[in-house]
Structures are given as structure tokens and as C-alpha cells.
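Biologist: Could you walk me through how to read a structure like this one, feature by feature? I would like the general idea and then the case at hand.

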Amino acid sequence: MTAKPSFYITTAISYPNGVPHIGHAYEAIATDAIARFMRLDGYDVYFLTGTDEHGSKMVQTAAREGVSPRELADRNVEAFRAMVQRLNCTNDDFIRTTEKRHYESSVGIWNAMVEAGDIYLSKYAGWYSVRDEAFYTEKELTVGEGGVKLGPQGTPVEWVEEESYFFKLSAYQDRLLKFYEKNPEFVLPSTRFNEVISFVKGGLQDLSVSRTTFDWGIPVPGTPKHVMYVWVDALTNYITGVGYPDKDSAMFKRYWPAALHVIGKDIVRFHAVYWPAFLMSAGLAPPKRVFGHGFLFNRGEKMSKSVGNVIDPFALADAYGVDALRYFFLREVPFGQDGNYSHDAIVTRINADLANNFGNLAQRSLSMIAKSRGGDLPEPGAFTAEDNAMLAAVDGMIEVAREAMQTQQLHLVLAHVWSVLAQANQYFADAAPWALAKTDPARQGTVLYVTAEVLRQVAILAQPFVPTGAEKILDLLAVPGDARDFSALGSAGRLKGGTKLPVPAGVFPRYVEPTAS
Ligand code: ME8
């Protein structure tokens, strides 16, 4: 047996300076859907998420709340852990940057960069945004209300002057540009890649990589009055998660370089410029891909912890259900673009796509099998042209899905699968099996068989997105646990006529507005 190809996938690690918001939930859901898809498609997937606990943003929030940064982190981390569980994410690990393994890893990469001759001591004098944890040049700034200077993401900057270690980022300009040229899909969507390339072409300045004005960070080896710049330690989490600094470990060899970092569009520069440069300096391979997803807006409003209009992902999961939330975000928002959400839009998707197209087709066909066949899946007779067209459409889904997933176009996978479901609803309506029970039971059996086969393949492909409901439908079709991955798609995995099916039950209910009590 050949070994499965590995696929190491990560989310960004979140700042636990507050509780999780819907942006964090969106990223976790999307990353989990990709991880599940690749696992079902035969990859050896490793999925990491976690929290980014150092830096001045944590220090400032903790001071405002009258607790230590560690207390603040300890308190909020639990909410992040709970969120990924609540959202049905299948992460293999959850990393905290305050863990011992991460200190060792960060010291490891620091020392490797020192050995490469890329770290030197100097003085930093420039602009810093605490909210972005980012240094900006004068030319990147704009002036906001009351003359306040703002960074490119619209956050306030302050003047910082301190002794600092620097990383020779300027020496990596050509190597980065060559790397980009060789890897034309290193950053997706391509518009974000173009921004990265022009930023690098515009000239890179050396990067301040240590701070001396606070001590909430990983001490620089040999110079404990310096702590590492939070982004050095944050990015390093991705290699800590697979065993660094032990580069020879089985884990590291198996999973590094990462196949995919899923992050938001605001932090593409850190992942696509600084991170590969650090790795090149340390003699490690850069990740294979960085995907910068869009931002979610609550009816057009940007959500962020600092602004205060945070939408609680737990409340949304309680209100609509986890499958529905996952489906909504991944179907509604083209992956890579910004998206809006509102109660009405979520309810429309639940009722039209999940309840009507999927749940209702399953309910109608399975209860007909229960009623007119005593729960035995019918043996099909000879297929008509309509049956063959339907089966060809459903057998062809995986190819379209795989193609879309090569560039993480999750919404296109769902759009295609649901277009086949729409075709199946039409097929079912046209064939009218309810009317055939008496007139032509053999033909009815064939129609019900074909419909069940459509449901089987749709449910297998829907598992990464709506795992709970899809698994229930596979249970109702008596599909064994070892016949639910993508190798069971297509004609090779056809349902067997005569199989005894369990008593049908509703899956994907309609959303009903709660009545005021
Ligand atoms: O940036 N919509 O942490 P973070 C969609 N610690 N995504 C959003 C969003 C929104 N409204 N708001 C934030 C950090 N995000 C760093 C990352 S990685 C080595 C360190 C995304 O808690 C954001 O783009 O501010 C990022 O990918 C993730 O949520 C965590 O954001």
C-alpha cells in the first residue's frame, strides 16, 4: 500500500485578548471543511489551530482589565477551545504560544536565524500599531479624525523608539521574488498575491524583531531584556505544532512544509513575506500555500473585538444549529471575498437549500421506501435515459469538487453539489414515484433507488460542510462507516438493492421563528 500524501493545514492563531467573534468562527469552519474534505479524499491530514498569547495588545488589554496577561489568556483560551469544539472542528491539536514546546521552538528558529547571520542589534525608531501588532513606514500612513495617524488597516499608530534586534529582511527581496515566481499559486486569491508581490518589489526594510519596553513574550536567547516581536513567535507556532525544533522527528518530516495556512486578508503580509523569509533564513522550506479569506460583516458592519460589535459564535450556533451555520458561511460567501450575513439570509439558506432541497428529498423518498417497500431499498430495473442522466450527474460531482478544492473554492463545491440536488428534485418530481406505487411498482422501485443513490453521494460529499446532517442521511441509507469516504463515490460504491433501511427520520428541519413567550 502506498502511503497517503500528507496535508498539513492550519488556521491563524487567535489573540485571546477577548472572546471569539464570528470572524474566528468563520476561519475555523472553513479550515475544518477543507481538512475534512482532504481526509475523505485520502490525504493524511494534520489540522492545527490555537491561540497567540504574547505581545503588547495582550499587555494593554490585561492592564485595562486589571489582570495579568497570563490570566487574561488563560481565561479566554477556554472560549476558543470551546468554540472549535462547538463548531464541530476536527483539529488534531490546539497550540498555545505560552506552552514550553513553543518557547523551545521559538528559541530554535531564533538561533537558526542568528547562525545564518540575519539578526543584528540596532535601534528602532518608527511607527507601531498595537492593534495590528505591526510596524509601518511613514508612507503607509494616513491621517484620520483629529489628526490621528492611522496604519493601512485603519488602526492608530504610535511612535516607538527602542533598542531592538533586526532581521535582515532586505536581504530576502530577490529570494522571495524568485520563490513567488516559481510558485504562482503560493498566495490565493491572486489579487492578494499581486499586492504581496508589489509590496516586495517596492523594497523591503529590515524588520524589528524584538521589544524591550515590556516583558510579555519569549525572551531572546542570551539577552533576556529583549522579548521576541510577537509575530516572530506567532508564525513559529506552525512549526512547533509539528515538532520543531526537532527537524529530524518523524512528525516534522511527515508534515512540513505545511500544505495550507488559512488566514484572513489583513495578515497576508506576515504570512507571505515575513514567514517565508524567516524559514529560508532558518534553512526550512516555506509553506506551500497561504489562503487569505475575506472579512465577514454583520449587515455591512466590520466586526472586531476592539470596536466592540462582536457577534457571539456560540449564540449563532444555538440559534441556527452548527451545520446550518457552516453551510451558510461556506455557500454564501465566495471563499476569498468579503461577505455579509444577516438573520434573513441565514434563514433563506437553511429553508431553501438544507430543508427543501436536501432534507425534504431524503424524507420523501425514504418514507416512500418505508411505506411501499417495508424499508427494503428496491432493486432497480433497467435504467431509462432520465435515470442514466441523473446517475451521470451524481457520479461526476467529485471531479468538479476536486477541481474547485485545488484552489480552495469551497462555495463552488457546494454550488455544484446543490445544483445536482436541484436536478434530483426535478427528476423526482417528473418521475412522480408516488403515483407509480399502484400503476408501475417496478418503475417506482427504480426511481426510488436512483434517488437514494443520489442522496448517498450528495451526503458523502456534504460531510465536510454539514457533518452531522450528512452522517444522519448516510445512516438512514445504511451506508457502512467504511464506505463513506470519497473512494466510495461514483458507480463503484452503488447502493445495493434489497438492503434493509432504518426507520426514516427528519434531517435538516426548516427554521421556525421562535415565538415570543
Ligand atoms: O490576527 N472576518 O489574530 P486575530 C473574518 N494573532 N476573519 C476575521 C475577522 C472578520 N471580521 N476578524 C479577524 C491575529 N479575522 C494573529 C494571527 S497567525 C500566526 C497570528 C481573522 O485574533 C483574522 O484575519 O486578530 C485572522 O486570520 C484570524 O481571524 C485571527 O485574528
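## Reading the model, from ligand to edge strands

Modeller: Happily! Let us begin at the ligand: 20 residues surround it, and the closest are Ala12, Ser14, Gly23, Asp52 and Gly264. Two or more residues of this shell come from each of the elements α1 (22-40), α7 (230-240) and β14 (260-264). Please keep in mind that this is a predicted model.

Biologist: Which element gives the largest share of the shell around the ligand?

Modeller: That is α1, with four residues. By chemical class, the shell around the ligand divides into eleven nonpolar, six polar and three charged residues.

Biologist: Let me step back to the whole chain. How many helices and strands does the chain have?

Modeller: There are 18 helices and 18 strands. The C-alpha trace spans about 90 × 60 × 40 Å along its principal axes. A useful check is the radius of gyration: for 517 residues, a compact globule would be near 24 Å, and the chain's 26 Å agrees with that.

Biologist: And how should I read the contacts in the chain?

Modeller: Look at sequence separation. Of the contacts in the chain between residues at least 6 apart in sequence, 76% join residues at least 24 apart. Burial is the companion number: 46% of the 517 residues are buried.

Biologist: What should I expect of the buried part?

Modeller: In soluble globular proteins, nonpolar side chains tend to be buried together. Here the largest nonpolar core has 144 residues, and Ile9, Phe278 and Val417 have the most contacts inside it. Helix α17 (residues 441-462) gives the most to this core, twelve residues.

Biologist: Which residues is isoleucine 9 in contact with, leaving aside its neighbours within four places in sequence?

Modeller: Its contacts are Thr31, Ile34, Ala35, Val45, Phe47, Ala259, Leu260 and Val262.

Biologist: Is strand β1 enclosed or open, and why?

Modeller: β1 is largely enclosed by the rest of the structure, because five of its six residues are buried. β14 is mostly covered too, with four of its five residues buried.

Biologist: How do I read the pairing of such strands?

Modeller: Strands of a sheet pair through backbone hydrogen bonds, either parallel or antiparallel. In this model, β1 (residues 6-11) runs parallel to β14, joined by three bridges, and threonine 10 stands opposite histidine 261. β1 also pairs in the parallel sense with β2 (residues 44-51), over five bridges; there, tyrosine 8 has tyrosine 46 as its bridge partner. β14 in turn runs parallel to β15 (residues 290-293), with four bridges. Glycine 264, one of the residues closest to the ligand, stands opposite histidine 293 in β15.

Biologist: Where can I find antiparallel pairing?

Modeller: Try β4 (residues 119-129) and β8 (residues 158-167), which run antiparallel and are joined by ten bridges. Tyrosine 128 has glutamate 158 in β8 as its bridge partner. β4 also pairs in the antiparallel sense with β5 (residues 134-136), over three bridges, and serine 129 stands opposite alanine 134. In the hairpin of β4 and β5, four residues lie between the strands, and glutamate 133 takes a positive phi near 50 degrees.

Biologist: How do I spot the edge strands of an open sheet?

Modeller: Look for strands that pair on one side only. In the three-stranded open sheet with the order β11-β13-β12, where the pairing is antiparallel, those edges are β11 (210-211) and β12 (219-220). β11 pairs with β13 (residues 223-228) over two bridges, with arginine 211 opposite valine 227.

Biologist: And what is the trick for helices?

Modeller: An α-helix has 3.6 residues a turn, so residues three or four places apart point the same way. In helix α2 (residues 56-65), Ser56, Lys57, Met58, Val59 and Thr61 are buried. The buried residues of α2 pack against α3 (69-86). Just after α2, glycine 66 takes a positive phi of about 70 degrees.

Biologist: One last case: why does alanine 345 count as partly exposed?

Modeller: Alanine 345 has 14 other C-beta atoms within 10 Å, and the partly exposed class lies between 12 or fewer for exposed and 20 or more for buried. This alanine is found in helix α12 (residues 343-373).

Terms used:
Residues are numbered from 1 along each chain as its sequence is written. This is a predicted model: local features need pLDDT of at least 70, side-chain atom pairs count only at pLDDT 80 or more; totals for chains, interfaces and linings use all residues. Two strands pair if DSSP finds at least two bridges between them. A residue is near a molecule or strand if its C-beta atom, placed from the backbone, lies within 6 Å of it. Ala, Val, Leu, Ile, Met, Phe, Trp, Tyr, Cys and Pro count as nonpolar, Asp, Glu, Lys and Arg as charged, and the others, Gly among them, as polar. The radius of gyration is taken over C-alpha atoms; the globule rule is 2.2 Å times the number of residues to the power 0.38. Two residues are in contact if their C-beta atoms, placed from the backbone, lie within 7 Å. A nonpolar core is a set of buried Ala, Val, Leu, Ile, Met, Phe, Trp, Tyr and Cys residues joined through C-beta atoms within 7 Å.
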